[in-house]
Amino acid sequence: LHGLAMGRHQEHNDLVFELADDHLIFSYTSGSTSTKKSVITKASHEGAAIQTAIDQYFSCDDVCLFSHEMTHRGVHTTAILPALFSASEIMFVNAQEWPRVVTRATHCQWFPIMRDYFKLTPNIKKITVGGSKIDDETADYLLTHAPDATIYDIYGLTECLPPLAIRKLTTIDRPNEFKICRPDLKFADNGQLTITDNNNIIKTGDHVEFVSDTNFKFIGRVKQLVRVNGHLHNQTDLQILLGKNFPIDQFSLNINQEKLILQVTGNTDQYIEWCQKNYVENFTVTKVDRVATSGGIKTVNNGEYNVS
């Protein structure tokens with residue numbers, strides 16, 4: 001939709017907008033910290049997020065490349081809208097077109113799930129990554145394929161509009177701490193990271209360790225969740241989702257370190273294909289003779305339940 005609107009508009013205009021407290025934005029969260037829900041955001045708060053992104057990692061000579069499927073609410077304030085207000089050029093493409101135009105780009109947003117379909121090239125100078133903390137293996141991949149790039153690992157939530165905190169990764173420097181970049185918000189540790197935005201207290205579900213008033217280390221999720229199609233799901237959610245596609249007695253699942261671990265008695269390729277199609281961020285599929293159920297109290301063997 002963004003690409004279509006910009007493609008039709010060929011003239012240069014002054015992009016001056018009033019983002020005021022009395023202008024309200026009604027939208028839905030992505031379900032990144034809890035179940036999907038309706039939220040009301042003051043336009044001034046969205047403006048603060050956009051301005052922060054521009055100040056932190058955008059410049060007027062950026063040529064930005066985005067996947068056209070980036071409709072996640074947080075993407076708008078980490079990438080699309082800041083680019084619209086500040087970058088020299090913006091390109092929206094799908095996976096098929098990406099290889100053709102990526103060599104023109106200097107700035108792109110990228111997620112680990114894009115690795116097989118959205119390749120990077122040495123001309124990229126800035127890469128923004130978000131959704132979950134980037135691990136060393138992924139950072140190595142990015143810096144190998146775009147060696148002159150700076151990776152902006154962004155911490156943010158759709159409930160209070162990222163970017164909230166950033167760590168910059170390069171081939172030389174790889175700090176472990178996120179630096180808070182939103183002085184308009186309040187951050188606190190109440191058993192989990194909580195953020196106060198417009199008098200709303202948002203429980204992130206994340207464990208962090210504060211190093212100072214402005215810096216923290218990300219430890220992990222309070223609950224075991226896996227990201228599917230950009231949304232975080234617990235074990236029950238995933239059992240239901242997979243049960244719509246596969247016989248319930250032919251698979252079992254567990255979540256460990258934000259990885260979906262599947263044991264299946266059927267064709268593993270079908271489950272791998274489902275995970276890839278639904279952008280499961282981290283998963284393994286193993287073929288077994290029988291699958292564990294109910295926490296291992298019972299097992300299923302050829303459709304018959306056996307007490308173990």
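Here a colleague and a modeller chat about a predicted model.

Colleague: Let's start with the big sheet. Which strands stand at its edges?
Modeller: The sheet is an open one of nine strands, in the order S4-S3-S5-S6-S7-S8-S9-S14-S13, with mixed pairing. An edge strand has a single partner strand, so one side of it is left without a neighbour in the sheet. The strands standing there are S4 (89–93) and S13 (206–210).

Colleague: And how much are neighbouring strands of this sheet turned against each other on average?
Modeller: We ignore the direction of the strands for this one. On average, the turn between neighbours in this sheet is 30°.

Colleague: Let's zoom in on S7 and S8. Which residue of S8 is the bridge partner of Tyr152?
Modeller: Strand S7 covers residues 150–155, and five bridges join S7 to S8. The two strands run antiparallel. Across from Tyr152, the bridge partner in S8 is Lys168.

Colleague: Now the helices. Do H2 and H3 count as roughly parallel or roughly perpendicular?
Modeller: Helix H2 spans residues 43–57 and helix H3 spans residues 73–86, and their axes come within 9 Å. The axes cross at roughly 75°. Angles of 65 to 115 degrees get one label, so H2 is to H3 roughly perpendicular.

Colleague: What classes of residue make the contact of H2 with H3?
Modeller: On the H2 side you'll find Glu46, Ala49, Ile50, Ala53, Ile54 and Tyr57. H3 brings Thr77, Thr78, Leu81, Pro82, Phe85 and Ser86. Sorted by class, that's eight nonpolar, three polar and one charged.

Colleague: Which strands does H2 touch when it packs on the sheet?
Modeller: The direction of H2 makes about 155° with that of S7, which is one of the strands H2 touches. The full set is S5 (107–109), S6 (126–130), S7 and S8.

Colleague: And what angle does the direction of H3 make with that of S3?
Modeller: H3 packs on the sheet too, touching S3 (63–67), S4, S5 and S7. With the direction of S3, that of H3 makes about 140°.

Colleague: Away from those helices, which residue of S2 stands opposite Ile25?
Modeller: Strand S1 (residues 24–28) and S2 run antiparallel, joined by five bridges. S2 (residues 38–42) has an uncovered face with Ser38, Ile40 and Lys42, and a covered face with Val39 and Thr41. Opposite Ile25 stands Thr41.

Colleague: On to charges. How many residues apart in sequence are the parts that Asp136 and Arg174 tie together?
Modeller: Side chains of opposite charge can pair when their charged atoms come close. Asp136 and Arg174 meet in a salt bridge at 3.7 Å, N to O. Asp136 lies in helix H5 (136–145) and Arg174 in the loop between S8 (165–169) and S9 (177–180), so the parts tied together are apart in sequence by 38 residues.

Colleague: Is Arg182 buried or exposed?
Modeller: Arg182 forms a salt bridge with Asp184, at 2.9 Å from N to O. Asp184 is partly exposed at 40% relative accessible area. Arg182 has a relative accessible area of 1%, and the cut-off is under 20%, so Arg182 is buried.

Colleague: Which residues do salt bridges that share partners join into one network?
Modeller: The structure holds seven salt bridges. Some share partners, and the residues they join into one network are Asp136, Asp140 and Arg174.

Definitions and conventions:
Residues are numbered from 1 along each chain as its sequence is written. This is a predicted model: local features need pLDDT of at least 70, side-chain atom pairs count only at pLDDT 80 or more; totals for chains, interfaces and linings use all residues. Side-chain values use heavy atoms; hydrogens and water are left out. Buried means under 20% relative accessible area, exposed over 50%, partly exposed in between (1.4 Å probe, protein chains only). Helices (H or I, at least four residues) and strands (E, at least two) are DSSP runs, numbered from the N terminus. Two strands pair if DSSP finds at least two bridges between them. A salt bridge is a side-chain nitrogen of Lys or Arg within 4 Å of a carboxyl oxygen of Asp or Glu. Axes are lines fitted to C-alpha atoms, for helices over the stretch in contact, and angles run from 0 to 180 degrees between N-to-C directions. Angles under 35 degrees count as roughly parallel, over 145 as roughly antiparallel, 65 to 115 as roughly perpendicular and the rest as oblique. Contact means heavy atoms within 4.5 Å. Ala, Val, Leu, Ile, Met, Phe, Trp, Tyr, Cys and Pro count as nonpolar, Asp, Glu, Lys and Arg as charged, and the others, Gly among them, as polar.
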